[in-house]
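Please read this briefing alongside the sequence and the model shown below. The points are grouped by topic.

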Amino acid sequence: MKLLTVSHQGLEQAAVRLPEGIVTMEAINARSGTEWPTDTLRLVESGRLQELTRWLAGRSAAQLGDWPTLASEEVVYAPLYRLPRKIWGVGFNYVADEAELAEVDRAEEPVGFMKPDTSLIGYGDTVVIPPQSERVIAEAELAIVIGRRCRDVSEAEASDCIAGYAAAFDIGADDIHRRNPRYLTRSKSFDTFFSLGPELVTPEEIADLSQLVVATVCNDEVVASKRAGLMRFQPAWIVAFHSQVMTLLPGDILLTGTPGAAVIRAGDTIACRIDGFTPLVNVVGGP
C-alpha cells in the first residue's frame with residue numbers, strides 16, 4: 001500500500017494511491033461505510049495499516065473503480081504528518097562497495113542525532129537557507145516509519161515494528177558542523193531542515209529492500225546514488241538498536257543515512273529519488 005497525505009478541500013487528509021488513482025480515506029469511508037482514520041498519523045498509530053492493506057486487496061475491481069479519484073490538478077501533497085514524537089538520524093551509514101561492506105566492524109555503533117518536528121516540511125515546500133550558514137547540504141535518505149510501540153526488540157523482531165518507508169531529506173548547515181562535531185544536532189535543526197514524503201510505502205510493496213537505489217538529485221543532476229544494501233546498519237538493525245535506547249512509538253521516524261550530499265543554494269531544486277517511490281521534491285530559498 002502507498003499511503004499519503006494530501007491537501008484537499010482545505011484539510012490535510014490521508015489518501016491511498018491505487019492503480020485507478022489517488023483516493024482519500026474520507027471518500028473510501030463514505031462509499032464503503034467504513035470508519036478508517038482519515039489522518040495519516042492517526043492511521044499509523046491505530047495499528048491498522050496491515051488490516052487496511054488486506055482490506056484493500058480484497059476489494060473487487062468494480063468496487064475500486066467506484067471510488068472517486070482526485071484529478072491530477074487536485075493533488076497537492078502535504079507532509080505525511082507534522083508532529084512525529086521523534087525524528088532520529090543515523091550518519092555515515094553507506095560504504096563505497098561490497099568489499100568495504102565485508103570489512104565493516106559489526107561491533108561499531110552508529111553516529112546519531114535528533115531533529116525537531118519544527119524542521120519538518122513536505123513535498124514542494126521551500127528549504128530556507130538560514131543567515132547563520134554559508135554552506136548548507138541536502139542529503140536524500142530512506143526513512144523508517146515506526147508502526148507500533150517497541151522497546152528492547154531484537155533485529156528479527158524489529159521488522160514487525162516498521163509501518164513502512166518514506167523518502168526524506170536531511171538538511172544540514174555543514175559549516176556549523178565543521179566548526180565543532182558537537183554542533184551536529186544544532187546544524188541540522190533549523191526550520192525547514194527536514195523534508196518527508198510524499199508517501200509511506202508499506203513493506204509488502206518492496207520486493208527486496210537491499211536493492212532500492214537512493215539518489216540525491218540537485219537541479220536534475222544525480223549527485224550521489226547507492227543501493228540500500230550498502231548500508232553499514234540495515235533498517236531492522238537500526239530499529240532494534242534504537243529500541244534498546246528509547247521506547248519507539250508509532251509515527252517515530254528513523255533516518256538511515258545518505259549515499260551523498262548536495263551543496264544547495266537559493267534557486268536550486270532538489271529531489272530524493274528512491275526506486276518505486278514518488279520522488280520527494282523541494283525548492284531552495286534564501287533567508
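In what order do the 5 strands of the open sheet follow one another, and what is the pairing? The structure is a predicted model, and in it the 5 strands form an open sheet in the order E7-E17-E16-E12-E13, with mixed pairing. The notes below take up this sheet, then the salt bridges, of which the structure holds 17, and lastly the surroundings of helix H1.

**The open sheet**

- The edges of the sheet are formed by strand E7 (126-128) and strand E13 (221-227), each of which pairs on one side only.
- From one strand to the next, the twist of this sheet averages 20 degrees.
- Strand E16 (residues 269-274) runs antiparallel to strand E17 (residues 280-285), and 4 bridges are found over this pairing; Cys-272 is placed opposite Leu-280, a residue of E17.
- Strand E12 (residues 213-218) and E13 are likewise antiparallel, and they are joined by 6 bridges, with Ala-215 having Ser-225 of E13 as its bridge partner.
- The hairpin of E12 and E13 has 2 residues between the strands, and within this hairpin Asn-219 adopts a positive phi near 55 degrees.

**A buried salt-bridge network**

- As general background, side chains of opposite charge can pair when their charged atoms come close.
- Asp-170 and Lys-115 form a salt bridge in which the closest N and O atoms lie 2.7 Å apart. Because Asp-170 belongs to strand E9 (residues 162-173), whereas Lys-115 sits in the loop between strand E5 (111-114) and strand E6 (120-121), this pair ties together parts of the chain that are 55 residues apart in sequence.
- Both ends of that salt bridge count as buried, Asp-170 having a relative accessibility of 1% and Lys-115 a relative accessibility of 5%.
- Asp-170 also meets Lys-188 in a salt bridge between their side chains, with an N to O distance of 2.7 Å. Here Lys-188 is found in the loop between helix H8 (184-187) and strand E10 (194-196), while Asp-170 lies in strand E9, so the parts tied together are 18 residues apart in sequence.
- In this second pair, too, Asp-170 and Lys-188 are both buried. Through salt bridges that share partners, Lys-115, Glu-139, Asp-170 and Lys-188 are joined into one network.

**A partly exposed salt bridge within a helix**

- The side chains of Arg-42 and Glu-45 form a salt bridge with an N to O distance of 2.7 Å. These two residues are separated by about one helical turn, because they are 3 residues apart in helix H2 (residues 40-45).
- In contrast to the buried Asp-170, Arg-42 counts as partly exposed, with 42% relative accessibility, and Glu-45 is also partly exposed, with a relative accessible area of 37%.

**Helix H1 and its surroundings**

- Which residues of helix H1 (residues 25-32) are buried? They are Met-25, Ala-27, Ile-28 and Asn-29.
- The elements against which these buried residues of H1 pack are strand E2 (11-18), strand E3 (21-24) and helix H3 (49-57).
- Gly-33, which comes just after H1, takes a positive phi of about 70 degrees.

Note on methods
Residues numbered from 1 in each chain as written. Predicted model: local features only at pLDDT ≥ 70, side-chain atom pairs only at ≥ 80, totals over all residues. Heavy atoms only, no water. Salt bridge = Lys/Arg side-chain N within 4 Å of Asp/Glu carboxyl O. Buried < 20%, exposed > 50% of the residue type's maximum accessible area, 1.4 Å probe, protein only. Contact = heavy atoms within 4.5 Å. Pairing = 2+ DSSP bridges. Axes fitted to C-alpha atoms, helices over the stretch in contact; angles between N-to-C directions.
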